[in-house]
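Me: I would like to go through a protein model feature by feature. Please give the general idea each time, and then the case at hand.

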Amino acid sequence: MAKRSAAARSAGQSADLQENQFLRKILDAVPSRIWFLDREHRTVFANREAARMVGEDAAALVGRPTIEVIGEESLRGDLKMRENALAGGVSRWAGWATYADGKRRFTERVFHPHFSQDGTI
């Protein structure tokens, strides 16, 4: 019975991995920046377009504080929108922003809350 249980777990993990890889391919094909942050403003996920904008590899962004990537000025401008998303709201902004590399870019930002299965953000 323990072997079946381990085999079932392994099959489930394999299916999850395949699903994650499939979703990654879809999100990387989207021509918009998708950047998912945790409560501490660290990157959980960035698609290829988000990584391209800041001149980084998407995998290298994971776990990094966004202040290192987008710079203090951009982060300061985002804080109220992030706080609103963490409270369940949606915020939008478009304009010129200076990033950590010193380059100014026109960008549009939309902050959405992420709700877990139990309804918490």
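Me: In which helix is Leu-23 placed?
Reply: This is a predicted model. Leu-23 sits in helix H1, which covers residues 2–29.

Me: Is Leu-23 buried, partly exposed or exposed?
Reply: Partly exposed is the class between 20% and 50% relative accessible area. Leu-23 has 39%, so it counts as partly exposed.

Me: Which residues make up the nonpolar surface patch with Leu-23?
Reply: Phe-22 and Ile-26 join Leu-23 in that patch. Together the three have about 280 Å² of accessible area.

Me: How does the whole chain read in terms of helices and strands?
Reply: The chain has five helices and four strands. Along the sequence their order is α-β-β-α-α-α-α-β-β.

Me: What fraction of the residues is buried, and what area does the chain expose?
Reply: Of 121 residues, 28% count as buried. The exposed area is about 8,400 Å², and carbon and sulfur atoms supply 54% of it.

Me: How are contacts over long stretches of sequence summarised?
Reply: Take the contacts between residues at least 6 apart in sequence; 33% of these join residues at least 24 apart.

Me: Where is Glu-49, and which residues does it touch beyond its sequence neighbours?
Reply: Glu-49 is in helix H2, residues 48–53. With neighbours within four places in sequence set aside, Glu-49 is in contact with Val-30, Pro-31, Ser-32 and Arg-33. For Pro-31, which is 18 residues away along the chain, the C-alpha to C-alpha separation from Glu-49 is 6.5 Å.

Me: What does the side chain of Glu-49 do?
Reply: It makes a polar contact of 2.6 Å with the side chain of Arg-52.

Me: How many salt bridges does a search of the whole structure find?
Reply: The count is nine. One of them pairs Glu-56 with Arg-64, with 3.2 Å between the closest N and O atoms. A salt bridge requires a side-chain nitrogen of Lys or Arg within 4 Å of a carboxyl oxygen of Asp or Glu, so 3.2 Å is inside the cut-off. Glu-56 itself is partly exposed, at 31% relative accessibility.

Me: How far apart in helix H5 are Arg-76 and Glu-72?
Reply: Helix H5 spans residues 72–86, and because Arg-76 and Glu-72 are four residues apart in it, about one helical turn separates them. Their side chains meet in a salt bridge of 3.3 Å, N to O. Both residues are exposed.

Me: Are Arg-82 and Asp-78 buried or exposed?
Reply: Both are buried. They too form a salt bridge, with the closest N and O atoms 3.4 Å apart. Arg-82 and Asp-78 lie four residues apart in helix H5, about one turn of the helix. Elsewhere, Arg-24, Asp-28 and Arg-48 are joined into one network by salt bridges that share partners.

Me: Why does Arg-82 count as buried?
Reply: The cut-off for buried is under 20% relative accessible area. Arg-82 has 7% relative accessibility, so it falls in that class.

Me: Which residues are in contact with Arg-82, apart from its neighbours in sequence?
Reply: Beyond four places in sequence, Arg-82 is in contact with Leu-37, His-41, Thr-66, Ile-70, Leu-75 and Phe-111. With His-41 there is also a polar contact between side chains, at 2.9 Å.

Me: Where is His-41, and what is its phi?
Reply: His-41 is in the loop between strand E1 (35–37) and strand E2 (43–46). Its phi is positive, about 65 degrees, although His-41 is not a glycine. At 22% relative accessibility, His-41 counts as partly exposed.

Me: How is a pair of aromatic rings described?
Reply: Two values are used, the distance of the centres and the angle of the planes. The count here comes to one aromatic pair. Trp-96 and Phe-106 form it, with 5.7 Å from centre to centre and 75 degrees between the planes, an edge-to-face arrangement. Trp-96 belongs to strand E3 (residues 91–98) and Phe-106 to strand E4 (residues 104–111), ten residues apart. Both Trp-96 and Phe-106 are exposed.

Conventions:
Residues are numbered from 1 along each chain as its sequence is written. This is a predicted model: local features need pLDDT of at least 70, side-chain atom pairs count only at pLDDT 80 or more; totals for chains, interfaces and linings use all residues. Side-chain values use heavy atoms; hydrogens and water are left out. Patches are made of residues with over 30% relative accessible area and no salt bridge: like charges are joined within 9 Å, nonpolar side chains (Val, Leu, Ile, Met, Phe, Trp, Tyr) within 5 Å. Accessible areas come from the Shrake-Rupley method with a 1.4 Å probe; for residues, only the protein chains shown count as cover. Helices (H or I, at least four residues) and strands (E, at least two) are DSSP runs, numbered from the N terminus. Buried means under 20% relative accessible area, exposed over 50%, partly exposed in between (1.4 Å probe, protein chains only). Contact means heavy atoms within 4.5 Å. A polar contact is a pair of N or O atoms within 3.5 Å; within protein, one must be able to donate a hydrogen and the other to accept it, and residues adjacent in sequence count only if both atoms are side-chain atoms. Rings of Phe, Tyr and Trp (its six-membered ring) pair if their centres lie within 6.5 Å; planes under 30 degrees apart count as stacked, over 60 as edge-to-face and the rest as tilted.
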